[in-house]
Amino acid sequence: MKSAFVTVGTTSFEELIAAVTTPETLQVLRSLGYGRLVLQVGRGAAAPAPFRTAAFTLDVFRFKESLAEDLEKADLVISHAGAGTCLETLEKGKPLLVVVNEKLMNNHQLELARQLYKDGHLFYCTCSTLLESLKSIDLSTLKPFPPGQPEKFAAFLDRVIGFE
């Protein structure tokens, strides 16, 4: 049974949690072979009730000391565009669909997601395009992220954010 993991990090991203738990999105996930969805909801007010059926399980939590185990178990990670989460997910070799929070000012998250998409490492969308993105992306086309080069990632972030 494939598992999808959704993380919003330490903040709140109500729109992502709402978008990923619509009946339509849950149906698409099931049709793609996902039988488990794990939500890390952070500080947001939205915390859907967990449930379990014969065909599908929804698990929900706010925070953990580490997300490493959830990332390891995931066949797909759907995440906010925080640099730390992106890096940790990509270093674990997990397929990543980044959902950009359009409400953020000076959206460096969009710049980061766009560049990593151009480099072939992830897909990105917004909450309003999440459903269509899940239907259309081909995870097999993603390129592995070069491991163990934090200084290169830091330089890349500096370029994207404009510190160079």
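Two strands pair if DSSP finds at least two bridges between them. Helices (H or I, at least four residues) and strands (E, at least two) are DSSP runs, numbered from the N terminus. On these terms, Leu 39 has Val 60 in E4 as its bridge partner. The model is predicted: local features need pLDDT of at least 70, side-chain atom pairs count only at pLDDT 80 or more, and totals for chains, interfaces and linings use all residues. Residues are numbered from 1 along each chain as its sequence is written, and side-chain values use heavy atoms, with hydrogens and water left out.

**Sheet**

- Seven strands make up an open sheet of mixed pairing, in the order E3-E4-E2-E1-E5-E6-E7.
- Strand E3 (51–52) and E7 are the edge strands; each has a single partner strand, so one side of each lacks a neighbour in the sheet.
- E2 and E4 run parallel and are joined by five bridges.
- E3 and E4 are antiparallel, with two bridges. Phe 51 has Leu 58 in E4 as its bridge partner.
- The link from E3 to E4 is a hairpin of four residues.
- E5 and E6 pair in the parallel sense over three bridges. Val 77 is matched with Leu 96 in E6.
- Four of the five residues of E4 are buried, meaning under 20% relative accessible area (exposed is over 50%, partly exposed in between; 1.4 Å probe, protein chains only).

**Nonpolar cores**

- A nonpolar core is a set of buried Ala, Val, Leu, Ile, Met, Phe, Trp, Tyr and Cys residues joined through side-chain atoms within 4.5 Å.
- The largest core has 27 residues; Leu 16, Leu 37, Ile 78 and Leu 130 have the most contacts inside it.
- The elements that give two or more residues to this core are E1, helix H1 (14–20), helix H2 (23–31), strand E2 (34–40), strand E5 (76–79), strand E6 (96–100), strand E7 (123–126) and helix H6 (130–136).
- H1 gives the most to this core: four residues.
- Leaving aside neighbours within four places in sequence, Ile 78 is in contact (heavy atoms within 4.5 Å) with residues including Phe 5, Leu 16, Val 20, Leu 97, Val 99, Leu 130 and Leu 134.
- Apart from the largest core lies another, of 22 residues, among them Ala 74, Leu 90, Leu 96 and Phe 145.

**Aromatic pairs**

- Rings of Phe, Tyr and Trp (its six-membered ring) pair if their centres lie within 6.5 Å; planes under 30 degrees apart count as stacked, over 60 as edge-to-face and the rest as tilted.
- The whole structure holds four aromatic pairs.
- Phe 5 and Phe 61 are stacked, at 6.4 Å centre to centre and 10° between the planes.
- Phe 5 is in strand E1 (residues 2–7) and Phe 61 in strand E4 (residues 57–61), so this pair ties together parts 56 residues apart in sequence.
- Phe 5 is buried at 1% relative accessible area. Phe 61 is buried too, at 14%.
- Tyr 117 and Tyr 124 have ring centres 5.6 Å apart and planes at 80°, so the pair is edge-to-face.
- Tyr 117 is partly exposed at 41% relative accessible area. Tyr 124 is partly exposed at 26%.
- Tyr 117, Phe 123 and Tyr 124 are linked into a cluster by ring pairs.

**Charges over rings**

- A charge sits over a ring if NZ of Lys or CZ of Arg is within 6 Å of the ring centre and within 35 degrees of the ring normal.
- Lys 64 lies over the face of Phe 61, at 4.3 Å from the ring centre.
- Arg 30 lies over the face of Phe 56, at 5.4 Å from the ring centre.

**Helices**

- Helix H5 (residues 108–118) has Gln 109, Leu 112, Ala 113 and Leu 116 as its buried residues.
- These residues cover an arc of only 95° around the axis (taken from the directions from the helix axis to the C-beta atoms), which puts them on the same side of H5.
- Just after H5, Gly 120 has a positive phi of about 85°.
- In helix H4 (residues 83–91), Thr 85, Cys 86, Leu 87, Thr 89 and Leu 90 are buried. Gly 93, just after H4, takes a positive phi of about 75°.
- Ala 68 belongs to helix H3 (residues 68–73) and is partly exposed at 23% relative accessibility.
- Beyond its neighbours within four places in sequence, Ala 68 is in contact with Glu 88 and Lys 92.
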